[in-house]
Amino acid sequence: MSSSNRINYLTFFVNGKMIIEHDAQPEWTLLWYLRTSWPTPTLNSNLEDFNSDGWYTLFLMTITKCRLTGSKLGCGEGGCGACTVLISHYDSKSEKIVHRAINGCLASICCVDGCHITTVEGINSIQSDSLHPIQERIAELYGSQCGFCTPGIVMSLYGTLNNIENPTMQDIEDSFDGNLCRCTGYRPILDAAKTFACDKKPKVNQPSDCSNSRDENINTIISTTEDKLLQYVDIKCPALEFPPSLLHHKTQSIHIKGITLFTISNEHCFVDESKSAEWYRPVTLVELVSLKNQYPTAKIVSGNTMVQIDRKFKNKNYPILIGVSHIQELNTMEKLENGMIIGAGITIAKLKEYLKLWLKTLSTHQISTCHALLNQLNSFGSEQIRNVATIGGNIIHGSSISSLNPILQACNAKLKLIKHSTNEQCEIALRNFFLRNNNVDMERDEILLSVYIPFTEKYEYLQSYKQSRRRKFDSPIVSCGFQVKLEQIQFQIDGFVPEFKWKIQSVCLSFGGIASSIVIMNKTQDYLKDKPWCKQTMKDALKYLLDELTLNESTPGGQAEYRRTLVASFFFKFYLYVKEQLQKTYPDTVVDEISSNELSAIKTYVRDLSRGEQEFQSKPISNQIVGSSSVHNSAYLHATGEAKYTCDIPTPSDGLYSALVLSTQPYAKIVSIDKTKAEELPGFKAFISHLDVPGCRMTGDVVNDEEVFPSSIVYCVGTVIGLVVADNETDAQYASKLIDIKYECLKPLIITIDQAIEQQSYLGPELSLQFGNLEQGFQESEHLLTGEFYIGGQEHFYLETNCCLAIPHEHGELELHVSTQNATGVQEKVAAALGIPSNKIVVHVKRIGGGFGGKDSIRHIRLCIAISIAALKLKRPVRLTLDRNVDMLISGQNHPFKSLYKVGFTSSGLLKALDIVLYSNGGWSQDYSAPIMERALLHCDNVYNFKNLKCYGR
């Protein structure tokens with residue numbers, strides 16, 4: 001298709017309002033577009049005269065009217081669900097409206113042409129006559145606390161209720177596997193959501209040890225999940241009103257020429273053509289092939305789940321992007337007699353849907369393929385990810401920790417490719433496709449069209465396994481796909497009745513998570529071929545398998561021994577699974593006996609539905625307030641997305657943006673700081689360092705033992721060395737990476753608690769607590785137990801990252817909008833660093849999206865100090881909003897501990913004496929380490945009554 005036939009704009013709806021966007025840019029995410037309002041210059045403008053704000057007065061200005069801040073940016077990588085929105089489109093093939101809950105932080109704005117986007121504000125608001133039932137029930141059943149995650153939770157449920165006419169409680173639970181809540185807890189959220197379930201019913205009382213021992217007090221009130229569900233009779237959710245005009249939306253080829261890298265100021269108009277991005281959306285395979293031939297290095301995208309992560313966290317640049325979501329050949333599925341053809345553009349959610357349907361039509365020996373695939377697909381990503389991620393994208397990405405690719409290899413799947421240079425099609429076995437270091441055996445002029453997955457044949461068995469830190473939405477530690485095809489052979493011994501046994505005809509053992517690519521254990525497979533299928537064969541094969549593993553302590557991800565154990569465990573489970581199937585299907589054949597204990601290992605874990613039960617005392621009429629449940633004061637604002645957080649406050653029109661410059665060395669001397677390259681960026685305004693601190697350069701929590709900005713020595717990776725200020729957030733972050741810092745590494749480098757003990761490196765004085773007679777207590781003890789244990793650190797993991805807006809006023813006054821737990825501390829520490837009285841600083845904290853101690857200490861307050869210095873120096877408002885990875889890098893953790901203990905006790909279990917030494921990793925400065933150690937010493941005996949105790953802490 002010629003370029004003249006391509007349109008250069010997008011047509012879509014947001015909350016029922018039609019938008020024709022002529023200035024969309026490929027780098028924009030959907031979430032950024034929905035939340036942001038800013039002016040955009042067009043390419044046909046005359047770049048000569050600029051007004052006082054740096055924008056040419058004759059520009060055609062496009063002001064994004066959305067400013068919908070209900071959807072939140074929590075992680076920026078599709079992991080928390082705070083950004084969830086509903087995207088709907090009309091599928092002409094099925095003649096249905098398709099609704100998908102997706103992550104707005106990953107989706108490109110260029111993907112939404114012809115779609116209707118619904119945000120939490122589009123459901124209803126507190127200004128309307130009535131709230132949406134979802135919003136009401138989330139609020140009334142106490143489903144929000146800080147409220148930052150609530151809009152995403154509301155939208156995930158809204159998507160499920162619009163997609164499934166009569167959702168079950170299981171359907172509703174599954175819809176939240178991509179949503180995190182750090183403070184509320186999931187019980188009240190699920191209670192509220194399940195009020196829409198079609199299968200809710202009263203609790204059936206079942207006697208148990210717990211219920212039998214309960215105190216039957218008439219004043220005791222027991223509230224259960226079932227009680228809450230039955231409070232609501234209506235389970236129907238008002239349907240989404242889909243714009244009628246989108247039913248007739250014409251799908252056209254699109255070309256979006258990106259101009260996001262224009263940086264315009266009073267002095268310069270800067271365009272970096274080498275990094276400008278373009279977006280093409282072909283609508284036919286012929287057009288796709290032509291585009292790929294024209295741009296061989298172009299990145300083909302569909303769900304955009306990995307492209308956005310590559311850009312954000314790996315600094316990858318994709319000048320040409322080709323969206324393939326509207327190409328029919330990539331979006332077809334067909335069930336054949338012996339297998340199925342899956343288009344490369346088929347989403348994981350759609351694949352799951354079809355596999356479940358096809359299971360009902362397949363013969364008994366063919367269903368293993370569907371079961372093994374569904375076993376992995378059910379825990380693949382989250383609901384939001386599955387709705388956009390495609391099977392082709394998963395394969396081409398070639399991840400070494402993929403949970404789907406090993407089972408596809410075990411299936412002996414075949415890939416159909418087309419060469420755009422010659423238009424020829426070819427087929428390649430997936431077993432030969434994955435190369436080292438996440439590479440694939442695919443030429444630059446090839447495009448993946450489809451995947452052929454054969455069904456299992458008679459005497460063929462297939463199974464998949466995966467172990468991760470949580471059951472859903474987590475990268476596997478080890479994943480695998482196993483296939484074996486057996487051959488029935490007959491033995492006749494000394495004229496007796498012939499016996500039938502099994503011989504291995506072919507086998508495939510594919511693993512993810514144990515090397516730099518998906519690997520097949522060829523040596524083990526060669527050994528197994530033609531061997532009898534028995535326990536002894538499996539034992540011998542396991543030796544080959546473990547020898548073939550390349551795992552060692554330097555393996556990325558570590559846990560070498562644990563992974564080896566998982567490999568052995570999965571291999572044995574597969575043997576047991578096949579044995580069980582043989583016994584069921586062919587009971588006359590000879591197989592090893594399997595004990596009931598062994599059979600328990602192959603049972604698929606099925607998590608029961610969540611439910612809760614609360615027991616509390618009824619209140620007298622005279623005391624109905626204290627101890628009673630009340631709806632959160634902001635619950636309805638949380639559920640409608642109208643609750644405003646610091647990150648939702650608009651930046652003033654003359655506002656600037658900032659980004660941190662962080663240390664990349666753990667203990668080093670700063671030799672030089674070169675900001676020349678950053679200063680060359682037209683949007684650059686200033687680099688703030690220790691030289692700009694007008695007041696006290698030392699700060700801290702309990703003790704002022706660290707510099708606001710280090711002048712010579714950095715003590716850890718992530719130390720805030722300085723702050724870059726620029727016209728916009730993109731320029732600020734880009735400029736921060738251009739600050740060139742030279743280091744001289746110092747010694748000793750202390751990383752662990754054991755290294756600190758060895759080097760006698762301690763913060764503050766030792767602390768101790770003692771009472772009773774320790775020696776006497778040990779003498780009276782019949783048993784002594786000594787040991788040591790470690791308790792790892794814990795991330796604070798508030799969903800709203802650190803955010804601060806500093807606005808300077810007359811007479812050196814300063815207004816701060818901060819997401820903080822310590823407004824007084826912010827005021828005092830900022831005043832000290834600026835060298836001004838505290839009463840000149842006003843700190844506003846409307847609400848925070850979680851804190852858990854992470855927004856209390858000097859780690860957080862230093863950020864406020866940094867932008868306050870910048871705001872007063874430049875006499876303009878300055879904003880700082882941290883990305884999740886930066887926030888976790890600089891905020892530290894709850895303290896890791898090492899404990900050495902000696903405890904004495906009697907044979908009856910009576911504790912007589914405890915001698916315990918506690919070491920905590922307090923980092924390089926005191927912070928709150930001393931109070932934390934005091935608390936640890938005072939709580940180390942927990943609820944136990946030690947008459948003789950000695951505690952020591954450093």
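This is a short tour of a predicted model, stop by stop, with a selection to make at each one.

Before starting, note that residues are numbered from 1 along each chain as its sequence is written, and that side-chain values use heavy atoms, with hydrogens and water left out. Because the model is predicted, local features need pLDDT of at least 70 and side-chain atom pairs count only at pLDDT 80 or more, while totals for chains, interfaces and linings use all residues.

**Stop 1: the seven-stranded sheet**

Select the strands in the order S25-S29-S23-S36-S33-S34-S35, and you have an open sheet with mixed pairing. Strands here are DSSP runs of E with at least two residues, helices are runs of H or I with at least four, and both are numbered from the N terminus. Two strands pair if DSSP finds at least two bridges between them. Look at the edges: S25 (684-688) and S35 (841-844) each have a single partner strand, so one side of each is left without a neighbour in the sheet. From one strand to the next, the twist averages 20 degrees; angles run from 0 to 180 degrees between N-to-C directions, with axes as lines fitted to C-alpha atoms, for helices over the stretch in contact.

Now zoom in on S34 (residues 814-818), which pairs with S35 in the parallel sense over four bridges. Leu-816 stands opposite Val-843 in S35.

Add helix H26 (residues 858-874), which packs on the sheet and touches S23, S25, S29, S33 (803-808), S34 and S36. Contact means heavy atoms within 4.5 Å. The direction of H26 makes about 30 degrees with that of S33. Helix H22 (residues 729-736) is another one to show: it lies across S23 (656-662), S25, S29 (720-726) and S36 (878-881), at about 20 degrees to S23.

**Stop 2: Pro-877**

Stay here and pick Pro-877, in the loop between H26 and S36. Is Pro-877 buried or exposed? With a relative accessible area of 6%, Pro-877 is buried; the cut-offs are under 20% for buried, over 50% for exposed and partly exposed in between, with a 1.4 Å probe and protein chains only. Draw a distance from Pro-877 to Ala-806: C-alpha to C-alpha, they are 5.5 Å apart in space, though 71 residues apart in sequence. Not counting residues up to four places away in sequence, Pro-877 also has Pro-652, Asp-654 and Gly-655 among the residues it touches.

**Stop 3: helix H25**

Next, select residues 823-834, which make up H25. The 12 residues should span 16 Å at 1.5 Å a residue, and the end C-alpha atoms are indeed 16 Å apart; the expected span is 1.5 Å times one less than the number of residues. Colour Gly-825, Val-826, Lys-829, Val-830, Ala-831, Ala-833 and Leu-834 to see the buried residues of H25. Their cover includes S26 (698-699), S34, S35 and H26. Just after the helix comes Gly-835, with a positive phi near 70 degrees.

**Stop 4: H11, H12 and a nonpolar core**

Move to H11 (residues 348-359) and H12, whose axes come within 10 Å and cross at roughly 145 degrees. Show side chains where they meet: H11 contributes residues including Leu-351 and Leu-355, and H12 contributes residues including Leu-373 and Leu-377. H11 also lies across S13 and S14 (339-343), at about 20 degrees to S13.

Which residues touch the most other members of the largest nonpolar core? Of its 59 residues, they are Ile-342, Leu-355, Ile-395, Leu-404, Leu-408 and Ile-453. Such a core is a set of buried Ala, Val, Leu, Ile, Met, Phe, Trp, Tyr and Cys residues joined through side-chain atoms within 4.5 Å. A second, separate core of 39 residues includes Ala-82, Met-155, Tyr-158 and Cys-803.

A little further along, Ser-379 lies in the loop between H12 (367-377) and H13 (383-386). Ser-379 is buried, at 11% relative accessible area, and touches Lys-466, Arg-471, Lys-472 and Phe-473, leaving aside residues up to four places away in sequence.

**Stop 5: the five-stranded sheet**

Finish with S13-S14-S17-S15-S16, an open sheet with antiparallel pairing. Its edge strands are S13 (333-335) and S16 (425-429), each pairing on one side only. S15 (residues 414-419) pairs with S16 over five bridges, and Leu-415 stands opposite Ile-428 in S16.
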